Amino acid sequence: MSDRSVPLRILGIDTSCDDTGVGVVELTPGGAARVLANRVWSQTVHAQYGGVMPELASREHVERIDAIMGDALAEADLRVQDLDAVAATSGPGLVGALLVGLMYGKGLAQALNVPFYAAHHLEGHIFAAASEAELNAPYLALVVSGGHTHLFDVPSDGQYVLIGATRDDAAGEAFDKIARLAGLGYPGGPAISEAATRGDPHAVPFKEPLKGQPGFDFSFSGLKTAALLAHRGGASPENLAASFQRAAVNALVNTTVRAAGATGRGTVVVSGGVAANRALREAFGATGLRVVFPGRGLNTDNGAMIALAGAAAIQAGRPASALDGGATAYAPLANA
Ligand code: KG4
Ligand code: ZN
């Protein structure tokens, strides 16, 4: 590792699913992290199948990663030999897809003789918010994406206690499925958010899932069924979008507020693709909690968030990862 009296440049790679993400972060000697570049290639090949095809995802990552890496370095105005460390996602995700970025990152670190950090995808989502504010435990972290709806208590830096999760669909998955049902297109999150601006949030009486129940879990499959019935009953796509979004946002915000009360945490990090949702941001903004969201372009899967997780590992003095570690499809983040 180079001298800590100068800023470090950390490359981050995420190829966990269908986005090829490469980002660069600068870590100052004082510990502040700044995103210098964030380039994402979102694969379009899967649209025709209505879901992500793992083999195609891996192949596209192989074909694109070198160009995306070149774009990220150009955006950061750096040469490859200016990098001081490399981080890449090792899990969870599609193993074949993960392996592309992981092998690329390890090879690069070895060629440059710089440390390599294997990063957890969810820790990356959480540290995406470090682009906006320094993250110091304790805090709560709500990760809401297409694959995850996880609420963590973070009592000390690097320690994650899972206190709530979805019992069925992930929040983003529900946005995607209801958008498809209403004929609003893919990805569903932005489509629902846009259509909702023209709809009545009270038109369809969705019940808030798990309301009044103890614990901090989430559930979205009931909303999906209710949406199907309302759709068959003639609800317009706009009213369906606005009403579903209101119910989903209320469930996410109310449960998190209850968890903050129970744990005594005053800060909440909200990240993952669904954290881009404007209604969700507004509702969290009205809670009185200190809520930190990732910066623009850092909510959905990207490489800069992995570089930020790498920067946090370096800042915490964590040892670099071994170069013989593998990729894991299922990798819980909670360690307590
Ligand atoms: O974090 P992400 O890119 O991938 C996963 O790790 O899953 O999240 C993608 C998810 C999709 O389900 C997408 O519909 C959702 O995030 N999403 C949104 C918005 N933008 C993306 N959901 C609600 N509102 C949005 N504006
Ligand atoms: Zn993700």
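**View 1. Residues around ligand 1 in the predicted model.** In this predicted model, 18 residues surround ligand 1, and those that come nearest are Gly146, Asp176, Gly189, Asn277 and Asp301. Sorted by class, the shell consists of 12 polar, four nonpolar and two charged residues. Both domain 1 (8–128 + 299–315) and domain 2 (137–292) contribute to the shell around ligand 1, with at least three residues drawn from each.

**View 2. Polar contacts of ligand 1.** An oxygen atom of ligand 1 lies 2.6 Å from an N or O atom in the side chain of Asp176, and an oxygen atom of the ligand is 3.1 Å from a polar backbone atom of Gly172. For His121, an N or O atom of the side chain is found 3.5 Å from an oxygen atom of ligand 1. Taken alone, ligand 1 exposes 550 Å², of which the protein buries 87%.

**View 3. The pocket that holds ligand 1.** Ligand 1 occupies the largest pocket. The elements that each give two or more residues to the shell around the ligand are α3 (121–127), α4 (171–181) and α5 (188–196).

**View 4. Two cis peptide bonds.** Gly91 and Pro92 are joined by a cis peptide bond with an omega of about -10 degrees, and Pro92 is placed in the loop between β4 (85–91) and α2 (95–112). The peptide bond from Ala137 to Pro138 is likewise cis, with omega near 5 degrees, and Pro138 belongs to the loop that runs between α3 and β6 (139–144).

**View 5. The backbone at Asp77.** Although Asp77 is not a glycine, its phi is positive, at about 60 degrees; this residue lies in the loop between α1 (54–76) and β4.

Note on methods. Residues are numbered from 1 along each chain as its sequence is written. Chains are lettered from A and ligands numbered from 1 in the order in which they are written. This is a predicted model: local features need pLDDT of at least 70, side-chain atom pairs count only at pLDDT 80 or more; totals for chains, interfaces and linings use all residues. Side-chain values use heavy atoms; hydrogens and water are left out. A residue is near a molecule or strand if one of its heavy atoms lies within 4 Å of it. A polar contact is a pair of N or O atoms within 3.5 Å; within protein, one must be able to donate a hydrogen and the other to accept it, and residues adjacent in sequence count only if both atoms are side-chain atoms. Accessible areas come from the Shrake-Rupley method with a 1.4 Å probe; for residues, only the protein chains shown count as cover. On a 1 Å grid over the protein atoms alone, a cavity is a set of points where a 1.4 Å probe fits but cannot get out, and a pocket is an open set with protein on both sides within 12 Å along at least five of seven lines; lining residues have an atom within 4 Å of a point. A molecule sits in a cavity or pocket if more than half of its atoms lie within 2 Å of its grid points. Helices (H or I, at least four residues) and strands (E, at least two) are DSSP runs, numbered from the N terminus. Ala, Val, Leu, Ile, Met, Phe, Trp, Tyr, Cys and Pro count as nonpolar, Asp, Glu, Lys and Arg as charged, and the others, Gly among them, as polar. Domain bounds come from an automatic or database domain assignment.
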